[in-house]
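Below is a short report on one protein chain. Please look over the sequence and the model before reading on.

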Amino acid sequence: MATKIMDCDLLVIGMGGIGSICAGKAADLLQGKKMIVLEKGKNPGGATIFAHGGGISDSTWQRNAGAQPKEPQDLSGQFFDFLVLKGEADAKKYFKITEETRSFGPGSDKISIDMPYRIDKYRNLDDPAIGPGWWGSYIVDKMMECCKKVNAPVLTETRAKKFIKDSSGKVTGVIAETKDGEIQVNFRACFIGAGGFGADYKKCQESWPKVYNNIPMHNLNPPGLTGDLIDAAKEIGAGIDLKNAGANVQGPIHHPYSYTVLSMARSSVMQLQVNLEGRRVASPGGGGPNPGKESADPLVYSIADQDCIEKAGMLAADAITEPYEHERAKNHWREDLAEEIAVDEKWGYGRHTTKADTLVELGLRLHIDPNVLRATVEKYNKECESGSSQSASVAGGGQGGPGGQGGPGGFFQGSASPMPVKKGPFYAIFGQRFMQCTHGGIIVNAKHEVLDTNGSVMPGLYAGGDCTTEYSVKTGSETGGQGFGPSRGGDGIFGNYIARQGGGIAGIYKGMTAAVNISEYLKKV
């Protein structure tokens with residue numbers, strides 16, 4: 001039995017991206033009403049705290065700078081306007097308008113909003129590509145401030161585990177675990193924004209056995225993303241659709257390591273990738289995020305000699321558009337490379353960047369048969385000299401996401417010809433397959449209302465983000481496509497619906513819409 005009972009008008013479960021935005025907006029809308037937030041982790045933020053870009057489109061800043069307004073205003077733009085209102089001085093400090101087309105996120109405006117530097121409390125982190133301090137961290141911090149202003153408690157290290165129904169069958173509360181025992185939180189409305197289940201390997205394996213095949217794969221999910229609330233929602237009769245769920249599995253690529261060294265490994269001059277047996281990799285980068293595709297070579301090494309590594313270092317900044325990372329790659333690529341080499345030399349690990357005077361020594365350090373590695377290099381060198389290198393995976397565009405999405409052409413970036421590997425010392429840059437968040441689970445409609453197994457609305461229960469699958473009535477004009485926001489999954493498991501994966505960068509801004517819908521609901525009950 002719960003040791004403590006709390007009551008509120010709105011309970012928000014999960015203080016990650018969409019949960020924090022829902023709570024922040026609700027703090028404005030629910031004046032005079034009580035809100036409580038439960039967060040499973042020790043700190044708020046979930047996976048969003050690591051999010052680098054924002055993908056903002058159609059904000060007032062962009063309109064004032066000359067961008068063509070959209071009708072209705074894009075939701076990401078509405079959110080950025082709201083974010084500015086919550087701290088204009090901070091917004092002007094950290095964000096700036098830039099005239100550059102960005103394909104990242106929901107917007108592709110020529111006039112974009114950039115965040116050139118981390119927020120102050122994370123400014124001392126070494127590598128600009130790794131760790132918190134960017135868009136996601138800024139958003140979560142500001143939404144926490146919104147909750148604090150209305151005295152809405154955010155209870156961290158509190159895991160919601162079971163919903164409660166009243167005698168009529170309506171969901172009215174939740175049982176949660178804390179360090180001090182169980183609590184019961186009663187509510188009039190609840191928003192579930194608890195994230196996906198990417199940290200639960202077994203669940204991922206059940207959905208995508210070809211990809212989650214017990215071959216090592218780096219997991220970038222916070223440990224709390226285990227799908228607890230998807231399970232809890234299922235227990236109370238909520239519809240669950242994992243048939244149309246997706247997993248963000250990418251690579252193999254040099255991630256999450258130095259952004260500079262990653263760019264070097266993707267240079268068109270450095271096109272020799274080998275697997276752990278020392279044989280040439282047929283599909284560099286693994287083809288990008290594709291949870292249905294088994295990767296033949298989830299762990300690889302990009303091989304270069306001294307001349308090639310020098311050229312790749314000099315070209316590294318050309319493929320990076322973000323100012324801070326561009327400047328680092330331009331002026332500090334040698335330091336970043338040396339730092340990774342030092343880590344591997346200290347620990348004998350071979351999972352960053354390995355350097356050796358000869359190919360034989362390099363093979364031994366990587367636990368690869370030196371004869372096989374040398375034969376692979378010799379064949380590659382002949383291809384370079386004849387101009388017939390096997391790789392057609394060359395992108396002419398700039399830096400894409402870390403999973404090999406460098407443009408329509410493929411994995412490698414730039415137009416320079418591949419260079420042979422002849423002159424020591426020799427280098428091997430490690431690349432691995434990695435998994436980020438899953439998208440899909442609790443079935444919701446366009447208003448973020450949770451639907452039961454018959455497709456009926458469960459009054460007062462809302463959900464959004466990575467733990468959801470969004471259902472919309474099929475019209476026959478739907479388009480497919482996989483992006484950073486919800487994507488078409490296929491036909492729903494019941495009714496005349498099209499299912500789309502919830503969450504992603506574009507998805508977190510729907511916390512705004514959810515808060516508005518919940519506010520309207522609470523006015524009626």
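The report goes from the whole chain to single residues.

## Model and confidence

This is a predicted model. The chain averages a pLDDT of 88, and 88% of the residues score at least 70. Two stretches call for caution. Residues 101-108 have a pLDDT below 50. Beyond near neighbours in sequence, residues 101-108 still have 23 contacts in the model. Residues 392-409 also have a pLDDT below 50. Here the model shows 58 contacts beyond near neighbours in sequence.

## Overall make-up

The chain has 525 residues, and 56% of them are buried. DSSP runs give 14 helices and 21 strands. Take the contacts with a separation of 6 or more: 71% of them join residues 24 or more positions apart. The exposed area of the chain is about 22,200 Å². Carbon and sulfur atoms supply 50% of that area.

## Helix H14

Helix H14 covers residues 510-524. Does its length agree or disagree with the expected rise per residue? It agrees, because 15 residues at 1.5 Å a residue should span 21 Å, and the end C-alpha atoms are 22 Å apart.

The buried residues of H14 are Gly511, Met512, Ala514, Ala515, Asn517, Ile518, Ser519, Tyr521 and Leu522. What do these buried residues pack against? Their partners include three helices: H1 (17-29), H3 (75-85) and H13 (504-508). They also include strands E1 (4-13), E8 (181-192) and E18 (457-463).

## Strands E11 and E12

Strand E11 spans residues 272-275. Its side chains alternate: Leu272 and Val274 point one way, Gln273 and Asn275 the other way. All four of these residues are buried.

E11 pairs with strand E12 (residues 299-305). The sense is antiparallel, over four bridges. Within this pairing, glutamine 273 has serine 302 of E12 as its bridge partner.

## Valine 174

Valine 174 sits in strand E7, which runs over residues 171-178. Is this residue buried or exposed? Valine 174 counts as buried because its relative accessible area is 0%, under the 20% cut-off.

Phenylalanine 163 is eleven residues away from valine 174 along the chain, yet their C-alpha atoms are separated by 4.2 Å. Phe163 is also one of the residues that valine 174 touches beyond four places in sequence. Others on that list are Leu11, Leu38, Ala160, Lys161, Lys162 and Ile164. The list also holds Ile183, Gln184, Val185 and Phe187.

## Cysteines

How many disulfides does a search of the whole structure find? It finds zero. Cysteine 146 is one example: the nearest cysteine sulfur belongs to cysteine 147 and is 6.8 Å away. A disulfide needs the two sulfur atoms within 2.5 Å, so this pair does not count as one. Cysteine 146 is buried, because its relative accessibility is 7%.

Cysteine 190 is in no disulfide either. Its nearest cysteine sulfur is that of cysteine 8, 8.1 Å away. Cysteine 190 is buried too, with a relative accessible area of 0%.

## Backbone exceptions

Most residues other than glycine have a negative phi, and most peptide bonds are trans. Some places in this chain depart from that pattern. A cis peptide bond joins glutamate 71 and proline 72, with omega about -5°. Proline 72 lies in the loop between helix H2 (60-64) and H3. The bond from glycine 251 to proline 252 is cis as well, with omega near 10°. Proline 252 is placed in a strand, E10 (residues 240-253).

Aspartate 58 has a positive phi, near 70°, and is not a glycine. It belongs to the loop between strand E2 (35-38) and H2. Aspartate 58 counts as buried, because its relative accessibility is 2%. Glutamate 157 also has a positive phi, of about 50°. The loop between strand E5 (154-155) and strand E6 (159-165) holds glutamate 157. At 28% relative accessibility, glutamate 157 counts as partly exposed.

Notes:
Residues numbered from 1 in each chain as written. Predicted model: local features only at pLDDT ≥ 70, side-chain atom pairs only at ≥ 80, totals over all residues. Heavy atoms only, no water. pLDDT = per-residue confidence, 0-100. Contact = heavy atoms within 4.5 Å. Buried < 20%, exposed > 50% of the residue type's maximum accessible area, 1.4 Å probe, protein only. Helix = DSSP H or I, 4+ residues; strand = E, 2+ residues; numbered from the N terminus. Pairing = 2+ DSSP bridges. Areas by Shrake-Rupley, 256 points an atom, 1.4 Å probe, with all protein chains shown as cover. Expected span 1.5 Å × (residues − 1).
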